[in-house]
Each structure stands twice: as C-alpha cells, then as structure tokens.
Amino acid sequence: MSSSSESYSNVAIYRVEVNPPCLCRDQPRSKFREAWKPNNPAHRFYNCAKSMISKNSCNFFQWLDPTLPKHYKDTLWNMKLRIDYLLVRNDQVVKLQKKVEKHKLLKKAEKELVEARIQELLIETQILKKMLKKVVLIALECSFG
C-alpha cells in the first residue's frame with residue numbers, strides 16, 4: 001500500500017491505494033477486512049484473500065488505517081461491547097413481545113370461547129324455561145282437569 005501523509009492545520013490526510021495487489025500469482029487482489037479485537041477495534045486492513053482459508057497464502061498484510069491511541073481503541077471496543085449487549089437485549093425484548101402477543105391472542109380466544117359458552121347457556125336456559133312453563137301448564141291441567 002502506498003500511503004503518504006500531509007498535514008494541513010494539524011490534520012493528517014492519508015492516501016491509500018485501493019485494493020493493493022496480493023503477492024499470490026493466482027490471487028491478483030487482496031481481501032479488505034476489519035479487525036474487531038480489543039487491541040485493534042475497527043482497524044481496517046488488506047491481506048491475502050487465501051489467508052483465512054488456506055495455509056498456502058502469501059502472508060500479504062497491510063493496515064489501511066493509522067494506529068489509534070489507546071484511549072480511542074478502548075472507547076471503540078467499549079462501544080462495540082455495548083452495541084453487542086444492546087442487540088442481545090433487543091432480541092430478548094422482541095421475543096418477550098412475541099410471547100405477550102401470543103398470550104394476548106390466547107386470552108382473547110379464551111374470552112371469546114367463554115362468551116360463546118355463556119350465550120349457549122343463556123339460550124339453553126330460555127329453552128328450559130319454556131319447557132318448564134309447558135310442564136307447569138300440563139301439571140295444572142292434570143290437577144284441575
């Protein structure tokens with residue numbers, strides 16, 4: 001990677017060759033990657049595309065970004081850990097929301113079943129009342145008749 005640094009008002013500007021050539025003959029381009037380790041969070045680099053899949057890589061490696069001060073590395077790493085934690089918590093919340101919705105649906109279905117059963121019992125009670133009236137009328141006719 002060819003990089004040069006120029007300073008304008010204490011701001012470093014880096015020029016980086018895009019996708020530098022790998023040294024393997026059958027792999028003309030390197031692979032762009034990003035390190036996410038406590039000592040190198042979000043540190044971008046190029047390396048041989050075969051380096052992660054084969055022991056026959058050319059060991060080409062080149063950092064894309066300048067090394068950050070420890071404080072920035074620690075801050076980035078802590079932010080990554082916090083984001084990972086929040087993603088896990090978000091997944092847990094989504095699962096709980098699904099359970100609550102399922103529970104609500106079950107409760108709603110239970111409520112609908114109970115209401116339907118109550119309606120059935122009311123209708124059955126009305127039928128029984130009519131039958132009772134008929135029985136009373138028949139009993140009265142038999143006793144006076």
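# From a buried aspartate to a long-numbered helix

D65 counts as buried, with a relative accessibility of 17%. The reason is the cut-off: buried means under 20% relative accessible area. The model shown here is predicted. D65 is a good place to enter it.

What does D65 pair with? Its partner is R44, and the two form a salt bridge whose closest N and O atoms are 2.6 Å apart. The pair links distant parts of the chain. R44 sits in strand β4, residues 40-47. D65 sits in the loop between β5 (61-63) and α1. The two residues are 21 residues apart. R44 counts as partly exposed, because its relative accessibility is 32%. So a partly exposed arginine meets a buried aspartate. Side chains of opposite charge can pair when their charged atoms come close.

Now step back to the whole chain. There is one helix, and there are five strands. The order from the N terminus is β-β-β-β-β-α. The chain has 145 residues, and 15% of them count as buried. The accessible surface comes to about 12,300 Å². Carbon and sulfur atoms hold 61% of that surface. Among contacts in the chain with a separation of 6 or more, 32% are between residues 24 or more positions apart.

Return to strand β4. A42 is found there. Its phi is positive, about 60°, although A42 is not a glycine. Most residues other than glycine have a negative phi. A42 counts as partly exposed because its relative accessible area is 24%.

Strand β3 comes next. It spans residues 31-37 and holds R33. Is R33 buried or exposed? R33 counts as buried, because its relative accessibility is 16%. Its side chain joins that of N47 in a polar contact of 2.6 Å. Neighbours within four places in sequence aside, R33 is in contact with H43, R44, F45, N47, C48, A49, S51 and M52. R44 is thus on two lists: it is in contact with R33, and it forms the salt bridge with D65. R33 can also be placed against L64, 31 residues along the chain. Their C-alpha atoms are separated by 9.5 Å.

Helix α1 covers residues 70-144. Start at its N-terminal part. K70 forms a salt bridge with D74, with closest N and O atoms 2.8 Å apart. Both residues lie in helix α1, four residues apart, about one turn of the helix. K70 is exposed because its relative accessible area is 59%. D74 is partly exposed because its relative accessible area is 31%.

K73 lies in helix α1 too, but its setting is another matter. K73 is buried yet has no salt bridge. Which side chain of opposite charge is nearest to K73? That side chain is D74, and it is 8.1 Å away. A salt bridge needs a nitrogen within 4 Å of a carboxyl oxygen, so the K73 and D74 pair does not qualify. D74 is instead bridged to K70. The side chain of K73 reaches a backbone atom: the oxygen of N39, at 3.1 Å. Leaving aside neighbours within four places in sequence, K73 is in contact with P38, N39, N40, P41, T67 and L68.

Go further along the helix. R89 has its place in α1. Its side chain makes a polar contact of 2.6 Å with the side chain of Q92. R89 counts as partly exposed, because its relative accessibility is 39%.

Then comes the annotated stretch. UniProt, in an unreviewed entry, places a "coiled-coil region" at residues 99-126. What does the model show over residues 99-126? The chain there is 100% helix and 0% strand. The end C-alpha atoms of the stretch are 40 Å apart.

E101 and K104 meet in a salt bridge, N to O at 3.9 Å. Both lie in helix α1, three residues apart, about one turn of the helix. E101 is partly exposed because its relative accessible area is 44%.

How many salt bridges does the structure hold? The count is five. Among them are R44 with D65, K70 with D74, and E101 with K104. The R44 and D65 pair links distant parts of the chain. K70 and D74 both lie in helix α1, and so do E101 and K104.

Terms used
Residues are numbered from 1 along each chain as its sequence is written. This is a predicted model: local features need pLDDT of at least 70, side-chain atom pairs count only at pLDDT 80 or more; totals for chains, interfaces and linings use all residues. Side-chain values use heavy atoms; hydrogens and water are left out. Buried means under 20% relative accessible area, exposed over 50%, partly exposed in between (1.4 Å probe, protein chains only). Lys and Arg count as positive and Asp and Glu as negative; His and the chain ends are not counted. A polar contact is a pair of N or O atoms within 3.5 Å; within protein, one must be able to donate a hydrogen and the other to accept it, and residues adjacent in sequence count only if both atoms are side-chain atoms. Contact means heavy atoms within 4.5 Å. UniProt positions are given in the numbering used here, feature names are shortened, and annotations may be inferred rather than shown by experiment. Accessible areas come from the Shrake-Rupley method with a 1.4 Å probe; for residues, only the protein chains shown count as cover.
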